[in-house]
Amino acid sequence: MEILTQSSYLIIDDSNIIQSATRALLMKMGVPMNNIVSTANAKGAISACTQRKFDILLIDHNLGAGSTGLQLLEYLHYKQLLSSRVLVFIVTGNDSQDVFFGYSQLEPDGYLIKPIRSGDIIKRVSSGLLRRTFCEELQEAFNSGGLPMVKPLFAKAPDTMALKGGILFVANLLRTKEQFDEAQAMLAGLLQIHDYLPAKIKQVEILADQQQYKKAIAQLDQLIDENTFNVRLLGIKATISVMAEQWQDIEPTIQRHIQLQSSNIEQTLSLAWFYLSEHDIAKAAPLLSKSALLLPHSMWDNAGRRGLAVFADLLSCKQSDKPNALQNWKLEPAWARISKDPKSKIASKGTQKAISAIKHLLLDEKQQAQKTLAEILDKEISDTETGYLICWAQHKLGDQDGINRVTKIMGNLQSPTSFTLERLQAIALSKLTQQRISLPEPSA
């Protein structure tokens, strides 16, 4: 119990009643009041994590107003606001497939089902804290003497889960040092004793580090056959397929991922960009429209991604049988309709102007489209998606100088993304603009 009471906790729940009940439960277990912080929403959690490092996060899945704990956790990971020591527990009364599949890729330390009971906290959090302490001991030994100093400590693991996690942890340390053979040997030794899926996944990731893509994909395919509902495996396969330029594998892999987890924004956007890279806007359009429902409150949200969604909606108006549908189409009402959020806007002037220019093009008003594009300032091109929309319009106009200007600006842009999405965006831009766009390199 001492390790529990000495830890610091952040409670994130939109219900004040549940916040108070969880705080009271922790205090009854002996946790000092000063070690407990609570907040009702993602904004408060981000602020708290910016100011202080916590040992344990208790994140409610449904944070109200359409916001979820998954979106919060994605943001905290992306902004590196979580220390390597933090333990994350998802608190939920929702046991749906989509919820658990979503969190599986971020590897939380466990789940607590509402209503939380003291016995659940004692069992799950204590076990997590013991595993963390064990990994810290392994880290210290590795830093001081490498693998020979680490191996004797495995016999002192507090339990089997700590042993598995500890071996995986050391394999990752070896991976960062590019000691791939040693890491693979450790994982193989673990797998001789325990059939442990995370160790098999780590083996695949190390093969990808070594650019042994064919072997990595073969092992992944076997794992996917054995674990047909594991979306993390599908996400890894999509990434390695992009690294290996195995384009024939990308579409079915991401489609399967989305079938299992319909709310995954990264995979939805990645598949849309795959189709854009193939110049197949008809297939990209429904995915871009779907993203309008998923973007708000997420780390993936930006003006350009909202712009791509209304771009798809605008193109559908061109095909509409309704008289004057295209002439009457307006950006903000369109966004409110497809996002089902009348309060949210597309604030970027660059994105607004790009969409306006595209509308003029679809109405065959080329001079007005050129004039609108010329009014876009460099500083108004704030994300890759807005740049793509501008380049799409300039490509239709045959404005190579305009494309050159925009792609130069885009080289310095950064948006929340993943390797797979960033690589597919670069390929789509290269094919659209007929320019060489630098492709991102996979990171370890």
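L234 is buried, at a relative accessible area of 4%. That value, like everything I show today, comes from a predicted model. L234 sits in helix 12, residues 231–243. Leaving out residues up to four places away in sequence, L234 touches I224, T253, R256, H257 and L260. For a sense of distance, take L234 and Q210: the two are 24 residues apart in sequence, and their C-alpha atoms are 20 Å apart in space.

Q210 turns up again at the next residue, Q184. Q184 belongs to helix 9, residues 180–193. Is Q184 buried or exposed? Q184 has a relative accessible area of 17%, and the cut-off for buried is under 20%, so Q184 counts as buried. Its contacts, again without residues up to four places away, are Q203, I206, L207 and Q210.

Now to Q211. Q211 lies in the loop between helix 10, residues 197–209, and helix 11, residues 213–226. Its phi is positive, near 60°, and Q211 is not a glycine. As background, most residues other than glycine have a negative phi, and most peptide bonds are trans. Q211 is exposed, with a relative accessible area of 60%.

H297 also has a positive phi, about 80°, without being a glycine. H297 is in the loop between helix 15, residues 281–294, and helix 16. Its relative accessibility is 43%, and H297 therefore counts as partly exposed.

While we are on backbone geometry, there is a cis peptide bond between K114 and P115, with omega about -10°. P115 is in the loop between strand 5, residues 110–113, and helix 6.

Helix 6 itself covers residues 118–145, which is 28 residues. From first C-alpha to last, helix 6 reaches 40 Å, close to the 40 Å expected at 1.5 Å a residue. After helix 6 comes G146, with a positive phi near 70°.

Helix 23, residues 419–433, can be described in a similar way. Helix 23 has 15 residues and reaches 21 Å between its first and last C-alpha, close to the 21 Å expected. How many of the residues of helix 23 are buried? The count is 13 of the 15, so helix 23 is largely enclosed by the rest of the structure. Q434 follows helix 23 and has a positive phi near 55°.

Next, helix packing, with two pairs. Two packed helices are described by the angle between their axes and the distance between the axes.

The first pair is helix 16, residues 303–318, and helix 19, residues 349–362. Their axes come within 10 Å and cross at roughly 15°. That makes helix 16 roughly parallel to helix 19, since angles under 35 degrees count as roughly parallel. The crossing of helix 16 past helix 19 is right-handed. Which residues of helix 16 and helix 19 meet? From helix 16 we have A303, G304, G307, V310, F311, L314, L315 and K318, and from helix 19 T351, I355, I358, K359 and L362. By class, this contact between helix 16 and helix 19 has eight nonpolar, three polar and two charged residues.

A general point helps in reading such lists. An α-helix has 3.6 residues a turn, so residues three or four places apart point the same way.

I355, in helix 19, is one to look at more closely. I355 is buried, at 1% relative accessibility. Not counting residues up to four places away, I355 touches G307, V310, F311, L314, W329, L331 and L389. Among these, G307, V310, F311 and L314 also appear on the helix 16 side of the contact with helix 19. By C-alpha atoms, I355 is separated by 35 Å from A45, which is 310 residues away along the chain.

The second pair is helix 20, residues 366–374, and helix 21, residues 384–397. Helix 20 and helix 21 pack at an angle of about 140°, with their axes 11 Å apart. The two helices are therefore oblique to each other; roughly antiparallel would need an angle over 145. Helix 20 passes helix 21 in a left-handed crossing. On the helix 20 side, the contact uses K366, A369, Q370 and L373; on the helix 21 side, I390, A393, Q394 and L397. Of the residues in this contact between helix 20 and helix 21, five are nonpolar, two polar and one charged.

Key
Residues numbered from 1 in each chain as written. Predicted model: local features only at pLDDT ≥ 70, side-chain atom pairs only at ≥ 80, totals over all residues. Heavy atoms only, no water. Helix = DSSP H or I, 4+ residues; strand = E, 2+ residues; numbered from the N terminus. Buried < 20%, exposed > 50% of the residue type's maximum accessible area, 1.4 Å probe, protein only. Contact = heavy atoms within 4.5 Å. Axes fitted to C-alpha atoms, helices over the stretch in contact; angles between N-to-C directions. Parallel < 35°, antiparallel > 145°, perpendicular 65-115°, else oblique. Left-handed = near helix turned anticlockwise from the far one by under 90°. Nonpolar A, V, L, I, M, F, W, Y, C, P; charged D, E, K, R; others polar. Expected span 1.5 Å × (residues − 1).
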